[in-house]
Each structure stands twice: as C-alpha cells, then as structure tokens.
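Me: Please take a close look at one part of this model, the second largest pocket. Then work outward from its walls to the contacts around them.

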Amino acid sequence: MKTKAAILIKQNTDLLITEIEIPKLSFGQVLVKMYSSRICGSQIGEIKGTKGKDKFLPHLLGHEAVGIVLEIGPGVNKVKKDDKVILSWIKGSGINADPPKYRYGNKIINAGHVTTFNEISVVSENRVTKINSSVSNDLAILCADVLSTGFNSFSKMLNFNLGDNVIIIGAGGMSLGAILGAHLAGANKVCVIDKYNFKIRNSLKYGANQSFCINEKIGINQNINKFKSNIDTTYDHIIDYSGNNKVIEFSLNFAKKISTLLTIGVMPINQKLSLNTLILNYGIKIIGSSGSNTDPDIDFEKIINIIQSRKISLKNFFSHSDKLENINKLIKSHIQGKVINAKIKF
C-alpha cells in the first residue's frame with residue numbers, strides 16, 4: 001500500500017510531496033487515515049534547523065492530527081478499526097512501538113512514533129487517543145497540543161492562584177491555548193506580547209485583556225519605557241512561546257520579585273538567554289515544559305467537555321487551511337509570520 005506524504009529531504013528546502021510505500025504493521029503499531037493535521041512551530045523548527053543538524057534525514061513530519069483507524073497491529077488493544085482518534089506527540093497509555101520505516105524507491109524514509117503530514121500513517125499505540133466521532137476535527141487537533149499544553153500550564157506547571165496576572169509571549173499558534181487557559185482559570189490580567197497586531201487583535205477574542213506590540217525598529221530600552229508608560233502592572237507568571245531571547249529578557253522587567261517564567265517555545269541553538277542572577281535570589285523561578293505534563297487519556301476528554309459545554313468557538317484559532325499538495329505554501333506563510341494556526345485537510 002502507498003500513501004502521499006511530505007518528506008523533509010534537506011533542511012531549509014521545500015518538502016518533497018510524493019508517494020511512499022507503507023510498511024507492514026508490527027507489534028504495537030496502528031494504521032491511521034488522516035482527516036486533518038495542524039502545522040506546529042516544531043515542524044518549522046525542524047525545517048529551519050532550530051535545534052541544529054538533523055541526523056535522521058530524510059524523514060516524515062507532523063505530530064498533531066485527527067483521523068480514523070484503518071488497521072491495528074499485534075498487541076494493540078487501546079483502539080480498534082473505525083475508531084476516531086487524536087494523534088499527538090505526547091505519550092499516552094499503550095505500547096511505545098518501534099518507529100516505522102517507509103520506502104521511497106530504494107531509499108528508506110525515517111519516521112518518529114507519530115507523523116501526520118502523510119495521508120495514511122503508521123503510529124505507535126501510545127500516540128493515539130480514541131474520541132467520540134461527533135467531536136469536531138478542529139477541536140480534536142487543538143487538543144493534541146495547543147489546548148492541552150496551554151490549559152495544563154495553569155493546572156499542572158504553575159503555582160497559579162485565582163486573580164494572578166500573566167504575560168504570554170506570542171499571540172498565535174500554541175499561545176492561544178494558554179491565553180484561553182488563563183482566562184478560564186481566572187487570571188486577572190492576561191497581557192499578550194507579539195510583533196504582529198493582527199495576532200494580538202485575535203487573542204482578545206480568547207481572554208487577553210492587555211497587549212503590547214513589540215516595535216523592532218527601536219531599542220529594547222525604548223520598548224521597556226513604552227510598556228511602562230502604557231501598562232501599569234506587574235506579573236506573577238510569564239509564559240514564553242516565542243523562543244525569542246530578547247523578548248523574554250524584555251518581559252522579565254515586568255515580573256514580580258516572586259514569580260515564574262515558564263518556557264515552552266524553543267530557542268534557536270545559537271541563541272542564549274542573558275540575565276542577572278540577582279532576580280533568582282529575589283525569588284523568580286525559571287522552569288521549562290514539554291507538553292505541560294499532559295495525560296492524553298484523561299486530559300483530552302476533559303478539554304473536549306469544557307469547550308463543548310461552554311460552547312466556545314474555535315474558528316479564530318485557524319487562519320489558514322489547504323491540502324497536502326500545498327503544504328510548502330502554508331509553511332512559507334508560517335515563516336513569514338502571516339499564520340495564526342494552519343491546518344492540512346486531507
């Protein structure tokens with residue numbers, strides 16, 4: 001059996017869209033047909049080499065999607081044929097199967113435990129979570145990372161108290177999950193910082209009630225003075241989705257002495273965060289997160305219930321949508337800063 005897929009052949013080049021041969025299922029693997037997949041900033045980072053040289057080229061990409069189970073391999077009992085499932089990079093229960101190896105002509109195409117930029121994918125059992133067939137595809141995709149990481153930042157990562165003030169660096173993509181999460185958790189001030197006004201305006205629909213647009217044409221000290229003149233607040237928590245060292249350093253100027261910086265965005269390998277350690281002596285904590293300790297088997301259902309019961313519209317979470325053949329166009333728009341969230345519809 002073959003499937004159409006987007007392959008990263010070389011960093012900083014377009015993905016190759018072609019057909020590849022699907023391997024036979026082995027122990028703990030699940031065959032899933034995609035309905036829709038989100039393009040995450042992590043994939044942009046893989047293409048651009050944010051973490052450095054890629055040792056696994058050529059390989060498939062994508063780790064947030066919704067689809068339907070076509071077949072299960074030996075040992076799988078978590079899902080069955082025709083189940084609607086969320087696919088996520090975050091581990092749930094089940095077998096952590098060996099990653100599949102696809103073929104393109106005589107070449108081996110590597111893949112992780114989950115890939116979603118292919119129409120049909122071999123996925124590890126512990127990367128799929130069954131959901132009700134009535135759950136919308138958009139909600140399912142967003143549960144895979146955006147909403148789960150954002151909501152659990154407050155319930156599992158931060159010592160968050162009702163009425164706390166929060167800075168969220170970034171107003172699109174992953175950040176929207178934290179903005180909505182802060183609002184639902186009972187934050188007082190939710191200040192969003194970004195360099196794009198259209199993303200900031202969109203964030204106001206999901207709970208942001210303060211905002212600051214970074215002006216890259218002026219120096220950091222001028223931005224600090226401008227912020228102080230417009231916004232008279234100090235913050236209990238800073239959550240960074242940008243991976244931008246300068247904006248993180250900027251935001252720390254407005255943290256309370258006892259506060260927390262939670263880093264979720266990935267900083268390019270050649271950048272460093274510069275700070276005076278006196279702020280650590282005073283009480284600022286710096287912590288990192290990979291998925292905010294999300295448990296897919298429990299948390300996805302909870303999030304679905306919250307969104308559905310409160311009738312929260314997610315339509316403004318996505319700004320772009322296209323088919324797999326046009327994924328390179330979506331990626332270019334992402335890199336140019338034009339995208340809030342982009343999805344592939346199969």
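Reply: The second largest pocket has a volume of about 230 Å³. Keep in mind that this is a predicted model. Its lining counts 13 residues. Nearest the centre of the pocket lie F151, N152, S155, G181 and I306. Three elements give two or more residues each to the lining: α3 (146-157), α4 (175-185) and α9 (296-309). Helix α3 supplies the largest share, with five residues.

Stay with helix α9, one of the elements in that lining. N305 sits in α9. N305 is partly exposed, at a relative accessible area of 41%. Its C-alpha atom is 9.9 Å from that of V135, although the two residues are 170 apart along the chain.

Helix α9 also carries D297, whose side chain meets that of K78 in a salt bridge, N to O at 3.1 Å. This pair links distant parts of the chain. K78 is in the loop between β5 and β6 (84-88), and 219 residues separate it from D297. D297 counts as partly exposed because its relative accessible area is 30%, and the cut-off for buried is under 20%.

That contact leads to the wider set of charged pairs. The whole structure holds twelve salt bridges. One of them joins R38 and E64, with the closest N and O atoms 2.8 Å apart. R38 belongs to strand β3 (residues 29-39) and E64 to strand β5 (residues 64-72). The two are 26 residues apart, and the pair links distant parts of the chain. Both partners are under the cut-off for buried. R38 has a relative accessibility of 2%, and E64 has 0%.

Another salt bridge brings together K256 and D236, at 3.0 Å from N to O. K256 lies in strand β15 and D236 in strand β14 (residues 235-240), so the bridge ties together parts that are 20 residues apart in sequence. Here the partners split. K256 is partly exposed, at 30%, whereas D236 is buried, at 14%. Salt bridges also link K80, D83 and K130 in a network.

Strand β15 (255-263) leads on to a nonpolar stretch. L275 is in the loop between β15 and α8 (278-282). L275 is partly exposed, with a relative accessibility of 31%. Together with L273, L280 and I286, L275 makes a nonpolar surface patch of about 270 Å².

Last, the cysteines. How many disulfides does the structure hold? The count is zero. C143 is in no disulfide, and the nearest cysteine sulfur, in C40, is 15 Å away. C143 is buried, at 0% relative accessibility. Why is there no bond from C191 to C213? The sulfur of C213 is the closest cysteine sulfur to that of C191, but the 12 Å between them is too far for a bond. A disulfide needs the sulfur atoms within 2.5 Å. C191 is also buried, with a relative accessible area of 0%.

Back to the starting point. The pocket of about 230 Å³ draws the largest share of its lining from α3. Helix α9 gives two or more residues to that lining, and its D297 pairs with K78.

How values were computed:
Residues numbered from 1 in each chain as written. Predicted model: local features only at pLDDT ≥ 70, side-chain atom pairs only at ≥ 80, totals over all residues. Heavy atoms only, no water. Buried < 20%, exposed > 50% of the residue type's maximum accessible area, 1.4 Å probe, protein only. Patch = residues over 30% accessible without salt bridge, like charges linked within 9 Å, V, L, I, M, F, W, Y side chains within 5 Å. Areas by Shrake-Rupley, 256 points an atom, 1.4 Å probe, with all protein chains shown as cover. Salt bridge = Lys/Arg side-chain N within 4 Å of Asp/Glu carboxyl O. Helix = DSSP H or I, 4+ residues; strand = E, 2+ residues; numbered from the N terminus. 1 Å grid on protein atoms, 1.4 Å probe; cavity = no way out; pocket = protein on both sides within 12 Å on 5 of 7 lines; lining within 4 Å. Points joined across faces, edges and corners; volume = space filled by probe spheres on them.
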